[in-house]
Structures are given as structure tokens and as C-alpha cells.
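Here are my notes for you, written as numbered points. Keep the 3D view open while you read.

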Amino acid sequence: MVNLASLNPQQRTAAATLKGPVLILAGAGTGKTRVITFRIAHMIDRGIAPVNILAVTFTNKAAREMQQRVSKLIPKKDRNGEKLERPTICTFHSLCLKILRVHIEKLGYKKNFVIYSESEQLGAIKKILSHMSAKGEKTDPAAILSLLSKYKNGGESAKAFAEPSVAALAQHIRKKYESALRACNAVDFDDLILLTLRLFEEHPDALQACRDKYTYVMVDEYQDTNAAQFKLVHSLSSEHRNICVVGDDDQSIYGWRGAEISNLLDMEKHFPEVKVVKLEQNYRSTTTILTAANAVIKNNTQRRGKQLWSDKGQGKRITLHTFENDEEESKHIVQQIEFMRLASQVPWEDQAILFRTNQQSRGLETALRQSNVRYHLIGGQSYFDRREIKDFLAYLKMLLNPHDDISLLRIANVPARGLSDVTMERMLSASQERDCSVYAAMRHTDVQESCLNRTKESLIEFLRFIDETRAPLSDGQSLSLKVWAEKFLTDTGYIEELQRSEKNPDIADNRVRNLKELVEKLDENGVPTTNPMERLQTFLEDMTLDSDREEDKDNKGDAVTLITMHSCKGLEFPHVYIVGMEDGLLPHSRSKVENTLDEERRLFYVAITRAMVTLTMSYCIGRKKYGQMLPCHPSPFLKELPADLVELDDGKAKKPVTEEVGQNFFAAMKRLAD
């Protein structure tokens, strides 16, 4: 039998209240997963059949953790010695998949339907496009798939559909695509919830069967639910009303992807008899960190009041640094991380750098690499792994050496220029038959003549592009590689394709910014009067050496965490560095236009509450953007921190280090010297 006495009073109340609607307001670090798992175990102790218990969360990782914890708390066998069934603990999509496996025949599908992955969806799109007349227009399957996804999510009024030609194309392909999936008895991953809702609406018997099965429903991270997820949960629980939702409105940071904080704030509208339990004792952070977090978040008026507290002691004050620019910021933070490691024996894995936007990682990654500090990037691809960076470097490598098959095959049809995968497979086969490079095979007239007229024209046009773009590199004239690269990116339409292929305009802008910042670096290896071919070679060598750094697998665990604020929710680190605390980054510039300042403040609150022992923040007076240093201003959120809890860097620098820290530091330096 599970012992609820190990929980604090508020946790115990939450775990012991089983009947009727319950809202557990779980502040950051208050042990919500422990409460959820103890509550499930307590239900089973009280005689509720595991088969009737449903717990839904957002990630497979969270679901697995809950399953493991519950398994340790409940017996393996029931009172009759029979194997005890396990409760259903899964993600929203997994739940809908389970339901559709039983009832999807009612919607005209076979039970053995398949879920198409993105690559399979692209395959279906390519097949459709191959049977369509493009009327001289070159279409990119990924861009088409992006348009269809917007359609499914009610995006017909989105900016992407302002152009009549784009809207017409999406409308034309949509029915063909849906028919193609239906013919294969396939569904999209994104359609699982929508199909389940349609099932409930059209077939009340299916809904009733689910209600009869899941008589006790729990939802984790309730503040992150969107309209469809809310409707799904409400449909299942509105009759028996045994619903327990766990969440924190102060940590609602996903409004941009459809999450509706009102689902949590307006719980009483749908369940007037709801019992609200607040979890406020934090088991993670010092009092200083929690007091700062409380002070910041109280500036949001539309929230359910709560006050986090801890018995972990006052702790150190928050350190605030000011830097001249982002390069200085990155270098100093890395120096501080290394000082902590050497002087205080704080391992890399106990330190994390948090930032608002993905493009901020580049300078940090560079500084970490230069200092040989191992790091792990979460919540975004490494700068060197991003599609636009890989594409651009492949273009440069191919233009430096057209016989580089890997690079040529990567960009041959990026953006789409009539050289399909099938065509390039034929070129690869031709090169193997002739024992030459793909580029050399493409120049063979007999290979060109074996192609259809349209493909032949595309092939010749691509070869012309290569010749004309390479010519300035070897004609002996002075050349700005930056200007040269900007020209071929414009001529190919790559930047337009990059913007078109992204569903989210902010992500598209970030990709373009990443690309333009890399272009800016092309002339850093020498003045435009020196040999452009040699400068390009040196640039690519430097990039390769930088991005191919080998990781020691045995010591993979000891690494600094580099993470976006949106990805850090649910995590904790002893020592946290929040960088880029500038107006326009946090709060983000678009928040003023979109009226999402409250969500930006919640994002700051989430970042603060990741810290366990020490918290360091920094902002820059200037930050480089598109190769130009632009002035920056401190984030207005910094003024919301209690002044007595913040120690400015200037004041701290004047204080001598303690004798113990000094001894540790010199001992570490001696070990390195030995």
C-alpha cells in the first residue's frame, strides 16, 4: 500500500482527492510528477481498476517516467494472485491511436491503418506532383506539404495563402493528397486527434465506450493544452466528472503553437465544483531565486496567485553582468564556467546556459569550442547541423570542387529546379557506369540525350549555373566572397525557398538570419584582393575543423547544457546562466505587436526557476546582427527583480576570492600543468 505520509500536506490532499474535478496548481519544482504517480497508486489501493485510469501527458519521455514510477508503487499482482493490469499512461497522440485502432472502421478506414511519417508524406506529394502539369512552375514537395499542414490547422487565412497562385495550388493538391492517403489506408500524425474528435461527434457509441472505460482521467501540463486537446479531455470526462488536471499557468509558454492558458484559468466555467489544490513548497531552489521569480511573475495580472517557498536557505545573490557585445558575453560566460570547474570543482554537467532564440547559440558554441569545453545543445539543432547552413556549405564545396558528389547531390534540386530524385539517381548510376563523378557524367552529351526534353533543359541550365558562378573564383580578379555568395543565393532563389518551406514565419526569419550571418563571415579570412579560390578553401577548412570536433563518448555525460528557454521547462541545473537579457530578445520584439508580453514574462519566470544554487544573468550594450553592431537596451524585466537580491558584476569583481577557492584553483592549475 502506498504511503501518502511521505508527501507534504498539500501534496497529500491532491493525491487523496479522487472523486470529482480537481485542479492541482503545481508551481515550479514542487514535485508534481511525484503527486501524480502517488495519486494513481492511491486510486488502485482504494479499489479502482487500473484499466479505468487514464493519465495523459505531452511527451513520450514524461509518459515513460510516470509509468516507471507508478510500477514501483503498485503491486505486480491483485488480491486474487492474478497479474495486475497497468493504468493507461500515454501522450495525447498515443491515446487517440489506441481509440482509433478500436473504432476507426466507423470512419471508413480499416483497423490496420498506418501513420505516415514526414518522409512518407513527401513521397505521396512527389507522386502527385509527378502526375500533374506544373505549367512551367518548379514546385518543392516540402513547401507543398507545409501548405497542406496549414490547411489542416485552419491556416487558410494565413499569409502564405495571400497569393492566389499559392492558394490555388494548395486547393488543387489537397484533395489528391487526402485521396492518396485514404487509398493507402493511411493517416497523418497531426490528424490523429482531429479524427478522434470526428469519431466522437459522428458516433456517440464510440464516445460512450471510451467514457465507460476511462472513468478517472488525469491530464499533466494542462496549461499547454490546445483547443482540440481540451475538447478531447472534456468529451471524455464531462459525464463522470472525475477529472484531475495538473498544471501551472505561470509556466504557460507555448501560446505561439496553439496552447490556451484559458483552459486552466477558466476551469470553473466548465467544472464549477472543482477543488483547487496549490503546491507551493519548492524542492529545487534557494529562497533568493524563488523570491526573485515570485517578484517577476506577480506583474502578470491574469493568473492564479501562488507563492513559491523553500527550506533550502537564502543562498547567493543573483549576479548581473553587462557586456560591450555578444562576443564578449560568450567568452566571459565560458571563462566563468571554467573558473567554476577549476576553482570550485563544479563539473560541466552542473552548469547550463539559457537563451531566448536559437541563433544566440552560435556565438556561445564558438566560444565553448575555442575553450575545448564540451557542451550539449538542447531545443534546437547545432548551428552547424541546421539545414540552411548545411545547404550553403554544400553549395560552397560544390562550387569549389564540382566533382564533390555528396555536396552536388545535396543541392542539385535545392531549390527545386527540375532535377528530381529519380533524375539524380540516374546521374549517379551513369557516373558509376563511366567511373567518373556525377558532375562529369552530367556533362556527357549521351547522358543528357537520354533524358526527357524538360529534364535535359534543367540539367543544362544547372551546369550553366555552376560554370558561371565558378568563373569569378578563378579569373584572377579581386572578389568579395560575400557579394559573390549573395548573388548566387539570389539567382537560385534559395532564400525565397527557405522562407516558403517553413510553416512558422519566425522560424523562417531565423533561418534566413543564420544564413546571412554566415555569409558575412566569408571575407574574414583575407582581403578581397587575395586569391578568392584560396580564401574559400581556407573558410571551408576552418568550418570543417570547427564542426567536426570529435566527442568523447565515454565522458558524454559531463557537458555544459546549451538550451532555449522554451525547451528548459521541467529541467533543473545547479548553476544557470541566462544570457541576452535585452529588450527585443526577452521580451521578444514581436511580443509588443502580438500583445504577448505576459507570455514573455512567464518565459523569464521559467528560466529563473531552473536554477538550484546560483543564477547569473547578462545583457549586452551592442549585439551583432547581419554583420552590423546594433545598440541594445537592458530587458525591462530586469527592473522587476528585487534590487537587494541582485549583485552587479562591478561590485563583485572588487571582492577577493576566499582562501579555499584560491587553493582549489591553483591546485587545479597544477594538475593541468602536471
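1. First, a bit of vocabulary: helices are DSSP runs of H or I with at least four residues, numbered from the N terminus. The expected span of a helix is 1.5 Å times one less than its number of residues. Helix H21 (residues 453-474) has 22 residues, so it should span 32 Å, and its end C-alpha atoms are indeed 32 Å apart.

2. A word on the model: it is predicted, so local features need pLDDT of at least 70 and side-chain atom pairs pLDDT 80 or more, while totals for chains, interfaces and linings use all residues. Residues are numbered from 1 along each chain as its sequence is written, and side-chain values use heavy atoms, leaving out hydrogens and water.

3. Which residues of H21 are buried (under 20% relative accessible area, 1.4 Å probe, protein chains only)? They are Thr455, Ser458, Leu459, Phe462, Leu463, Phe465, Ile466, Thr469 and Leu473. Seen down the axis of H21, they fall within an arc of 150 degrees (taken from the directions from the axis to the C-beta atoms), so they line one face. Asn453, Glu457 and Glu468, on the other side, are exposed (over 50%).

4. Now look at Phe465, which is buried at 12% relative accessible area. Arginine 417 puts its charged end over that ring, 5.7 Å from the centre; the cut-offs are CZ of Arg or NZ of Lys within 6 Å of the ring centre and within 35 degrees of the ring normal.

Note on methods
Helices (H or I, at least four residues) and strands (E, at least two) are DSSP runs, numbered from the N terminus.
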